[in-house]
Amino acid sequence: MMALIVDDSAISRMVIASYLPSSVEIIEATDGDKAMQSLSVSRPDLLLLDLWMPRSDGWQVLGRLNGSMDRPFVVLITGDTQPAVRQRAAEEGVDRVVNKGELTEHLMAQFVAAASTRNGGSEHV
């Protein structure tokens, strides 16, 4: 199981990673462009994506992912959880939208389980 954490804040990436089970391999990206590079090379099972970042944001990443056959389980982790954001996220195929302040180990374990189920329990070496 591999997770890609995409956030321009090093502290946010560290906090998000701390909630993941130790069995999950973690890769990180600081913006949407680096996320797309990582997605094309590593093919993570779980994408933990911030919305607002410099250069290219979460919306741009989602737009590039649309139609992808190997799309990971996508969790949008953002402080901006207004109804319009949730609606657009649903339209973009996001699996879950979570407020950054609401993350827990239990919730993250649910995302890992869902990603494993979607991807047939694949393991990355």
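**Exercise 1. Surface**

State what area this predicted chain exposes and what share of it carbon and sulfur atoms supply.

Solution. The predicted model exposes about 6,300 Å². Carbon and sulfur atoms supply 52% of that area. Next, turn to burial. Buried means under 20% relative accessible area. By that cut-off, 46% of the 125 residues in the chain are buried.

**Exercise 2. Fold and overall form**

Give the order of the elements from the N terminus on, then judge how compact the chain is.

Solution. Start with the count: 5 helices and 5 strands. Their order is β-α-β-α-β-α-β-α-β-α. The radius of gyration is 13 Å, and the globule rule gives 14 Å for 125 residues; the two are close, so the chain is as compact as a globular protein of that length. Now take the extents. The C-alpha trace spans about 35 × 30 × 25 Å along its principal axes. Then check the contacts with a separation of 6 or more: 57% of them join residues 24 or more positions apart.

**Exercise 3. Charges**

Find how far apart the mean positions of the positive and negative charges lie.

Solution. Count 11 positive and 17 negative charges. Their mean positions are 3 Å apart.

**Exercise 4. Helix α3**

List the buried residues of α3 (residues 58–65) and find which elements they pack against.

Solution. The buried set is Gly-58, Trp-59, Val-61, Leu-62 and Leu-65. These residues cover an arc of only 160° around the axis, so they sit on the same side of α3. A general point helps here: an α-helix has 3.6 residues a turn, so residues three or four places apart point the same way. Last, the partners. The buried residues of α3 pack against two helices, α2 (32–42) and α4 (83–91), and two strands, β3 (46–49) and β4 (73–78).

Terms used:
Residues are numbered from 1 along each chain as its sequence is written. This is a predicted model: local features need pLDDT of at least 70, side-chain atom pairs count only at pLDDT 80 or more; totals for chains, interfaces and linings use all residues. Side-chain values use heavy atoms; hydrogens and water are left out. Helices (H or I, at least four residues) and strands (E, at least two) are DSSP runs, numbered from the N terminus. The radius of gyration is taken over C-alpha atoms; the globule rule is 2.2 Å times the number of residues to the power 0.38. Buried means under 20% relative accessible area, exposed over 50%, partly exposed in between (1.4 Å probe, protein chains only). Contact means heavy atoms within 4.5 Å. Accessible areas come from the Shrake-Rupley method with a 1.4 Å probe; for residues, only the protein chains shown count as cover. Lys and Arg count as positive and Asp and Glu as negative; His and the chain ends are not counted. The place of a charge is taken as NZ of Lys, CZ of Arg, CG of Asp or CD of Glu. The arc is that of the directions from the helix axis to the C-beta atoms.
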